[in-house]
Amino acid sequence: MTSPAFGGGMALAQSAAPGAVTLLDPIVVESGWDTSLGYIGDRLKRLPGGVALVSEDDYASSTSSTVSDALAGVPGVIVQDFFGGHDQPRIQIRGSGLQQNPVERGILMMRDGLPINRADGSYIAGFADPSNAQAIEVYRGYLANRLGATVIGGAINFMSPTVATAPGTEITVSGGSFGQVGTSGRTGYDGEGFDASLHFDLSRRDGFRDYNGSERVSVGGNIEAELSDTLTTRLFFGYTDLGFDVAGPINKNALEDDPSQVSSGPVVTPSGVINPGPNVDRDKPRRDASQYLIGSRSTIDLGEHQIDIGLGYTYTDDTFRFPISSGIRETVGGDATALLRYAYQPDADSLLPLFEASAQYAFGSAERRYYLNESGRRGALFGENDLDATTLSLHSAFNIPLAKTWTISPGLSFAHATRASDDTYSAATRPTIGYNPANPTVRLPNGVVPTVSTDYDHSYNAWSPSLGITFEPAPEQVLFAAVSRSFEPPTHDDLLATVNGTPNSSPGRPAPGNPGLAAATFSTPDLEAQTATTIEFGWRGNHGDLGWDMTTYYSWIDNELLSLRDATGASLGAINADETTHFGIELGLNAEILDRLTGRLAYTYQDFRFRDDPLRGNNRLAGAPHHVINASLSYQATEDWSLGASLKWVPDETPVDNMNTLWADPYAVVDLKTEYRINDHVSLFGEITNLFDEKYASSTLVVDQATADQAAFLPGDGRGFYVGVKSRF
């Protein structure tokens with residue numbers, strides 16, 4: 001599969017052959033070289049950093065492809081499911097954004113090279129849809145800077161199919177356990193100098209747990225026109241509507257007893273309060289979000305010079321009904337992105353441009369309102385803000401050949417970001433509510449606390465240099481090393497957080513039975529941007545039937561952004577840690593083991609630690625598993641019948657809290673799948689997930705100081721059976 005990517009998947013460049021489309025700035029590779037990439041793949045593998053390409057063929061037979069399915073084979077990318085389906089999985093690369101609940105920063109998420117992130121860097125993971133992508137590009141670490149990223153982790157780009165890559169019409173229908181049903185499809189029109197394609201994905205599920213329903217609608221398309229011999233333009237649009245129940249965490253005993261249950265909140269006993277956690281039955285937490293996206297990418301090919309111009313706009317409407325401790329957060333607003341990229345390639349035989357530069361500017365505003373959560377209903381308004389953000393990213397780099405097998409790639413990025421909040425709440429007090437902890441269905445008297453302004457106006461600047469070098473010891477092998485700086489400013493969710501709530505009272509009311517106690521409702525910390533210095537080394541290549549992609553890195557991080565929560569899961573706001581370190585190993589292998597039998601392995605090692613922290617010493621950062629192993633086998637039994645098995649194995653305990661007092665247990669989950677092609681137009685497929693019905697925590701809350709009995713574990717789905725049919729014509 002080819003990947004039209006000039007810094008993110010869309011720009012077209014000078015053809016390698018008449019009528020062909022190649023890359024202006026190719027920056028994707030696979031574990032082992034796929035010879036079908038041809039000339040393009042030969043360029044990709046020479047970049048000095050961690051990158052990966054996931055083809056839709058790697059996950060297309062799944063009955064409802066999720067981000068977790070699609071990225072399972074990418075080393076260095078950790079996806080921890082929260083509630084199953086298309087909800088809000090925790091996605092982290094090299095630990096960036098690890099400690100947010102829900103995770104809403106740390107990665108630049110893109111569609112066709114333009115961000116679905118808001119201008120402040122936040123994003124909703126459920127808007128990413130691998131079902132409507134022909135391929136997914138992954139950039140780990142500093143290589144994402146050339147895409148306009150201002151994050152430490154990296155970037156993920158979902159590339160829409162085109163008529164050239166997905167001709168004809170395809171319809172898929174599937175269903176199975178936990179009330180899951182779905183359908184998706186795509187079609188295209190191929191005209192002379194004009195192509196158009198449409199795609200859609202509809203899904204719903206009741207879910208594995210007692211309160212676990214979800215629905216998702218995604219539609220989109222693109223139009224591509226060759227306006228002249230030198231100018232090609234692509235317009236694209238999309239709409240996603242996402243809704244899901246937030247089943248929430250449960251404690252370890254409940255996980256082992258019945259992982260399908262939900263938490264009913266803390267219990268008051270004569271000896272004290274036990275089982276701290278949210279009251280899901282009463283508060284009915286849920287998220288409903290929609291996003292409209294429209295954009296364009298135009299490429300001007302002037303031989304030695306290529307120029308890429310992009311414009312994008314997203315409009316997001318997000319209602320998150322948190323438990324009572326945070327209330328209901330409604331955010332509505334639009335964000336625009338403009339980008340300009342340039343590449344100079346004077347030597348047509350060169351595999352990389354001699355010089356490349358990019359400029360990206362994102363700006364947006366949103367109206368945010370906070371309401372009390374009164375037993376799952378919207379209560380009184382207690383906060384209102386107008387939020388504005390801008391992010392400017394500039395990048396330039398050279399790829400200088402020192403000899404036939406050596407290339408040096410110096411680069412420099414500059415970023416400037418602003419974050420501003422205008423508190424438009426006009427009342428002198430903010431209302432609070434509470435429930436009796438001993439009888440949590442009984443309301444206590446309402447209360448009020450004084451209004452304190454949540455205005456702020458921050459700006460952040462940073463220069464981020466990098467230096468990479470590659471060496472080719474053999475025609476199909478590349479060794480690389482790089483040293484880089486990275487920069488990530490906080491989002492509005494870091495800078496503005498509800499605090500002083502409990503499982504039985506709203507923000508600003510730390511003691512449910514004391515409605516007159518004056519306490520802050522919001523925290524607006526004066527946060528610094530987090531920065532990192534990273535060294536990394538890697539070796540990619542193949543030999544015979546074996547392909548490999550190995551990278552190791554070490555990052556020294558200053559002012560790492562941590563979103564802290566207490567033992568009940570209630571927000572404590574965000575802080576800057578002083579010094580932390582992130583060390584990791586990312587290993588991908590693929591091989592033809594026997595005739596018709598192939599295997600793939602993705603191994604990730606992570607050791608993220610505080611350094612001489614006054615409270616946490618050299619503890620591990622919560623939420624990051626030490627080892628994650630994803631392995632798969634595929635057997636082509638006949639020309640028309642394939643079988644597959646996959647394993648996700650976390651063989652070590654994972655810390656739930658930064659104090660390292662509570663741990664999630666190791667687990668291993670095995671899935672089976674098969675596909676049978678009836679003819680050229682119809683295929684049947686089936687899947688068994690969690691074959692051995694393992695009881696395990698697919699993810700956890702990330703808290704600062706945990707208790708042994710707290711609700712902190714998010715159960716993975718039990719055993720499931722799914723079938724589907726795919727039709728092509």
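How many bridges join strand 3 to strand 8, and in which direction do the two strands run? Six bridges join them, and strand 3 and strand 8 (residues 135-140) run antiparallel. One contact in this pairing is that of Val54, whose bridge partner in strand 8 is Ile136. Strands here are DSSP runs of E with at least two residues, helices are runs of H or I with at least four residues, and both are numbered from the N terminus. Two strands count as paired if DSSP finds at least two bridges between them.

The model is predicted, so local features need pLDDT of at least 70 and side-chain atom pairs count only at pLDDT 80 or more, while totals for chains, interfaces and linings use all residues. Residues are numbered from 1 along each chain as its sequence is written, and side-chain values use heavy atoms, with hydrogens and water left out.

Strands 3 and 8 belong to an open sheet of five strands in the order 3-8-9-6-7, with mixed pairing. Strand 3 (50-55) and strand 7 (114-115) are its edge strands, each pairing on one side only.

For the chain overall, the secondary structure comes to five helices and 46 strands. The radius of gyration, taken over C-alpha atoms, is 25 Å. The globule rule (2.2 Å times the number of residues to the power 0.38) gives 27 Å for 729 residues, and the chain's value is close to this, so the chain is as compact as a globular protein of that length. Along the principal axes, the C-alpha atoms fill a box of roughly 75 × 55 × 50 Å. Of the 729 residues, 60% count as buried; buried means under 20% relative accessible area, exposed means over 50%, and partly exposed lies in between (1.4 Å probe, protein chains only).

An unreviewed UniProt entry annotates residues 254-691 as "domain: TonB-dependent receptor-like beta-barrel". UniProt positions are given in the numbering used here, feature names are shortened, and annotations may be inferred rather than shown by experiment. Over residues 254-691 the chain is 3% helix and 64% strand, and the end C-alpha atoms are 21 Å apart.

The salt bridges come to 37, each being a side-chain nitrogen of Lys or Arg within 4 Å of a carboxyl oxygen of Asp or Glu. One of them joins Arg94 and Glu586, with the closest N and O atoms 3.0 Å apart. This pair links distant parts of the chain, 492 residues apart: Arg94 is in the loop between strand 5 (90-93) and strand 6 (107-111), and Glu586 is in strand 36 (residues 579-594). Arg94 is buried at 6% relative accessible area, and Glu586 is buried at 1%.

Another salt bridge is formed by Glu356 and Arg146 (3.2 Å, N to O). Glu356 lies in strand 20 (residues 355-374) and Arg146 in the loop between strand 8 and strand 9 (154-159), 210 residues apart. Glu356 is buried at 3%, as is Arg146 at 9%.

The surface includes a nonpolar patch of about 670 Å², made by Val173, Tyr635, Trp641, Leu643, Tyr676, Ile678, Leu684 and Val725. Patch residues have over 30% relative accessible area and no salt bridge; like charges are joined within 9 Å, and nonpolar side chains (Val, Leu, Ile, Met, Phe, Trp, Tyr) within 5 Å. Val173 is in strand 10 (residues 170-176) and counts as partly exposed because its relative accessibility is 42%.

Definitions and conventions. Accessible areas come from the Shrake-Rupley method with a 1.4 Å probe; for residues, only the protein chains shown count as cover.
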